[in-house]
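Colleague: I have not looked at this one before. Can you walk me through it?
Modeller: Yes, here it is.

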Amino acid sequence: MIIAVDGPVAAGKGTLARRIAEKYGFQYLDTGSLYRAVSLLMLREGRDLKDLNMAADVAMRVEEISADDPDLRKESTGNAASVVAKIPEVRATLLKYQRDFARRAPGSVLDGRDIGTVVCPDADVKLYVTATAEIRARRRFDELIAKGNDVSFDEILAELKTRDARDQGRNASPLKKAEDAHLLDTSKLDIEAALKAASVLIDNRIP
Ligand code: CDP
């Protein structure tokens, strides 16, 4: 069983995907962390984010970045990730890893931007998680403040809109809702309600 969870910045897809994986005992992959690892290696090595050849080489080394690297979740890393994510060669390299992961037993949950459209178009359940830009920016702002960062709400909102526009507007695997994806608007749902809605869809697919 493959569950695809897509959506824009800070829509709550990571939290939902993790809870689904826990509930059903499935393997979980945060595919955004792969793009973040590419951008972090590029930034640390002082590379130009738009250097296609360099980014394609670096995409083969994502395993050098540990999942708990403190810089992986930074806003600057996420914003840089959406720049390298436009490069088709980077996406092609990461595609194989994601597809192999998706086949893991007894099931998998992948969250990202193009899981239901490109990585796993045959996923058993597809969710498109979204919320208004203001609500998403508020959540990201609260998370960053709780971690002790000094950020402004207006700056977070502006960066979120820029990143969404870049992710939606690119040619290679743009962010969009798959036609057969179920829309979950988390502006109106808390995590427990979102998990409940997702569980109904998943339970219907379990033989
Ligand atoms: O957690 P957040 O919503 O901030 O972002 P993320 O899921 O960590 O993804 C970081 C960036 O990686 C996104 O803005 C996309 O540009 C890119 N990405 C992608 O292109 N395709 C994916 N399947 C996942 C992430």
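**Helix packing, ligand and backbone**

Modeller: α7 and α8 are oblique to each other, and this is a predicted model.

Colleague: At what angle do α7 and α8 pack, and how far apart are their axes?

Modeller: The angle is about 120 degrees, and the axes are 9 Å apart. Helix α7 covers residues 133-146 and helix α8 covers residues 153-169. An angle of about 120 degrees falls outside the 65 to 115 range for roughly perpendicular and is not over 145, so the pair counts as oblique.

Colleague: Is the crossing of α7 and α8 left-handed or right-handed?

Modeller: The crossing of these two helices is right-handed. On the α7 side the contact uses A133, E134, R136, A137, R138, R140, F141 and L144. From α8 come F153, I156, L157, L160, K161, R163 and D164.

Colleague: How do the residues of that α7 and α8 contact divide into nonpolar, polar and charged?

Modeller: There are 8 nonpolar and 7 charged residues, with no polar ones.

Colleague: Changing topic: how many residues surround the ligand, and which are the closest?

Modeller: The ligand has 19 residues around it, and the closest are R36, R91, R140, R163 and D167. Of these, R140 and R163 also take part in the contact between α7 and α8.

Colleague: How far is a polar side-chain atom of R36 from an oxygen atom of the ligand?

Modeller: For R36 the distance is 2.6 Å. R113 also places a polar side-chain atom by a ligand oxygen, at 3.1 Å. With D114, the ligand atom is a nitrogen, 2.8 Å from an N or O atom of the side chain.

Colleague: Back to helices. At what angle do α2 and α4 cross?

Modeller: Helix α4 (residues 75-84) and α2 cross at roughly 100 degrees, and their axes come within 8 Å. That makes the two roughly perpendicular. R36 turns up here too: α2 brings Y35, R36, V38, S39, L40, M42 and L43 to the contact, and α4 brings T77, G78, A80, A81 and V84. By class, this contact has 8 nonpolar, 3 polar and 1 charged residues.

Colleague: And which residues of α2 meet α5?

Modeller: L34, Y35 and V38 do, against V90, R91, L94, Y97 and Q98 in α5. Y35 and V38 are also in the contact with α4. The axes of α2 (residues 32-44) and α5 (residues 88-102) come within 11 Å and cross at roughly 135 degrees, which makes α2 oblique to α5. This crossing is right-handed, and the contact residues are 6 nonpolar, 1 polar and 1 charged.

Colleague: What about the backbone: is the peptide bond from A105 to P106 cis or trans?

Modeller: That bond is cis, with omega near 0 degrees. Most peptide bonds are trans. P106 sits in the loop between α5 and β3 (108-112).

Colleague: One last thing. Is phi of A10 positive or negative?

Modeller: A10 has a positive phi, near 55 degrees, and is not a glycine. Most residues other than glycine have a negative phi. A10 is in the loop between β1 (2-6) and α1 (13-24).

Terms used
Residues numbered from 1 in each chain as written. Predicted model: local features only at pLDDT ≥ 70, side-chain atom pairs only at ≥ 80, totals over all residues. Heavy atoms only, no water. Axes fitted to C-alpha atoms, helices over the stretch in contact; angles between N-to-C directions. Helix = DSSP H or I, 4+ residues; strand = E, 2+ residues; numbered from the N terminus. Parallel < 35°, antiparallel > 145°, perpendicular 65-115°, else oblique. Left-handed = near helix turned anticlockwise from the far one by under 90°. Contact = heavy atoms within 4.5 Å. Nonpolar A, V, L, I, M, F, W, Y, C, P; charged D, E, K, R; others polar. Near = heavy atom within 4 Å. Polar contact = N/O pair within 3.5 Å; in protein donor to acceptor, adjacent residues only side chain to side chain.
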